[in-house]
Amino acid sequence: MNSLLLKNWKLILIAACFALIVGAWRYDHAAQYRRGRESMAAEISGRLKDAAIEKAKQDRESSAMYQTGKAVREEKERIRYVQVQKIVEKPVFRNICIDSDGLSVINAAIADGN
């Protein structure tokens, strides 16, 4: 067996060098893959963070717009309630259920969509 090793030492040395080169190449390739994956994960994380910040900003703006609209609608409803109370307190004669003031309040409410 020893003579077989001595006879083919060049071939064994070439095979060992080839295996070493292939191993080094694979290790380097795996390291490049890991670095690329980590950099892309960091980039994606940054994009997601920016998107979340933008979404929160848009949500705050839409919430503010909704609250403003809600306040306007509630104020209109309070005004209508007071007007209706005044109209209801008026004496209504004959068989007329709604006078012209009440009709104008109803038409205004229909025009506003409420």
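**Figure 1. The whole chain and its surface.** The chain exposes about 10,300 Å², and carbon and sulfur atoms supply 64% of that. Keep in mind that this is a predicted model. Just 5% of the 114 residues count as buried. As for secondary structure, there are 3 helices and 0 strands, so to speak an α-α-α pattern when you read along the sequence.

**Figure 2. Confidence along the chain.** The average pLDDT for the chain is 84, with 85% of the residues scoring at least 70. Which element has the lowest mean pLDDT? That's helix H1, covering residues 2-7, with a mean of 73. Helix H2 has the highest, at 91.

**Figure 3. A nonpolar patch on the surface.** Met-40, Ile-44 and Leu-48 team up here, with about 300 Å² of accessible area together. Ile-44 belongs to helix H2, which spans residues 9-89. Its relative accessible area is 45%, so Ile-44 goes down as partly exposed.

**Figure 4. The Glu-43 and Arg-47 salt bridge.** A search of the whole structure turns up 4 salt bridges, and this close-up shows the one that joins the side chains of Glu-43 and Arg-47, at 2.5 Å from N to O. Both residues sit in helix H2, 4 residues apart, or about one turn of the helix. Are these two residues buried or exposed? Glu-43 is partly exposed, with a relative accessible area of 35%, while Arg-47 is exposed, at 55%.

**Figure 5. The Glu-75 and Arg-78 salt bridge.** Here the side chains of Arg-78 and Glu-75 meet, with an N to O distance of 3.0 Å. The two are about one helical turn apart because they are 3 residues apart in helix H2. Arg-78 is partly exposed, with a relative accessible area of 47%. Glu-75 is partly exposed too, and its value is 37%.

**Figure 6. The Glu-77 and Arg-80 salt bridge.** In this view, the side chains of Glu-77 and Arg-80 pair up in a salt bridge, 3.6 Å from N to O. Once again we're in helix H2, with the partners 3 residues apart, about one turn of the helix. How much of each partner is accessible? Glu-77 has a relative accessible area of 44%, so Glu-77 is partly exposed. Arg-80 comes in at 9% relative accessibility, and therefore counts as buried, the cut-off for that being under 20%.

Conventions
Residues numbered from 1 in each chain as written. Predicted model: local features only at pLDDT ≥ 70, side-chain atom pairs only at ≥ 80, totals over all residues. Heavy atoms only, no water. Patch = residues over 30% accessible without salt bridge, like charges linked within 9 Å, V, L, I, M, F, W, Y side chains within 5 Å. Areas by Shrake-Rupley, 256 points an atom, 1.4 Å probe, with all protein chains shown as cover. Buried < 20%, exposed > 50% of the residue type's maximum accessible area, 1.4 Å probe, protein only. pLDDT = per-residue confidence, 0-100.
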